[in-house]
Amino acid sequence: MPTIARARSTGERVKPPVSKEAASPRRRAQRSGAAYVFLSPWLIGASLLTIGPMLASLYLAFTNYDLFNTPQWVGLQNFERMFTQDDRYWNSVAVTVKFALVSVPLKLAVALGIALLLNKQRRGTGFYRSAFYAPSLLGASVSVALVWRSLFGSNGFVDRFLGIFGIHVGSMVDQPRYALLTVIALAVWQFGAPMVIFLAGLKQVPKELYEAASLDGAGPVRRFFAVTLPMITPVLLFNLVLEIIQAFQSFTGAFVIGSGRGGPSDSALLYTLYLYQRGFNNFEMGYASAMAWVLLIVIAVITVLLFRSSRKWVFYAGEGNR
């Protein structure tokens, strides 16, 4: 008690008493041991299913390995062949970049537009939110990709619908100029996940900002660009990073719609699909591992660039003027 009274009079900070049992090394070791016991399933899974395979693929990237014989060390030969001799590799890069540049902005625009419509409480809003989110749960499945191929196939729903207006395109999945568009349409259709994230961000925008903008005479469009969009830029950055990563890793839609070949004339040959062909069709697992590590590095570089550029266009509440 005298210590506390003296601390109050002098303003000193009094540290709470620590029991000898809690401060003993043995007690701390017991607590650490208990923590590692509970973490052990995750640590084992991460080591065996993530870290181990990654290190193995890094080694295989510098080898010639066909899944049946012992890997033979070839150094940088896989990377040299990839960058200087493989035309299909560069075609897959071009197709993937085109796919990402078109699908990601469209997907985010649709997701944000639907989120704005569902932001206000109306009758049946909960049902519509669930209905719009459902494609994100189903879109990556093979069954939906098969249905999608049927919709855009010969005499499919899209062909018959366009026929009403006198437009006959036939099977879009079998034409080089349309095959990638069908894969992009499937990706954009899976807008549910970013929509939910946008919706959560819109709920955090202070209503006082809208009221102040209305008093200044701002209309709906002006309020969107002056209030809504700046306030949800952190959410926009989050969705942008996730969707770009997902776009570069897209596989199922291109595999099913392109019948495992990448579409006619490799028009829908995405990077991961070509990686699959090299690894499991041609049994060039070393070459496929090298492709995987190049993809990992590219995604990491793009992510870093996005975060660095975010300093100029992402607004965080409470940071003041930039």
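A residue is taken as buried when its relative accessible area is under 20%, as exposed when over 50%, and as partly exposed in between (1.4 Å probe, protein chains only). The model is predicted, and local features need pLDDT of at least 70, side-chain atom pairs count only at pLDDT 80 or more, and totals for chains, interfaces and linings use all residues. Residues are numbered from 1 along each chain as its sequence is written, and side-chain values use heavy atoms, with hydrogens and water left out.

Six salt bridges are counted, each defined by a side-chain nitrogen of Lys or Arg within 4 Å of a carboxyl oxygen of Asp or Glu. Asp-86 and Arg-278, both of them buried, meet through their side chains in one such bridge (3.2 Å, N to O). Asp-86 lies in the loop between α4 and α5 (87–118) and Arg-278 in helix α15, so this pair ties together parts that are 192 residues apart in sequence; helices here are DSSP runs (H or I, at least four residues), numbered from the N terminus. Glu-284 forms a salt bridge with Arg-81, with 2.9 Å between the closest N and O atoms, and this pair links the loop between α15 (271–281) and α16 (285–313) to helix α4 (residues 77–84), 203 residues apart. Glu-284 is buried, at a relative accessible area of 18%, whereas Arg-81 is partly exposed, at 26%. Arg-81, Asp-86, Arg-278 and Glu-284 are linked in a network of salt bridges.

A salt bridge is also formed between the side chains of Arg-88 and Asp-266 (3.0 Å, N to O). Arg-88 belongs to helix α5 and Asp-266 to the loop between α14 (252–257) and α15, 178 residues apart.

Notes:
Helices (H or I, at least four residues) and strands (E, at least two) are DSSP runs, numbered from the N terminus.
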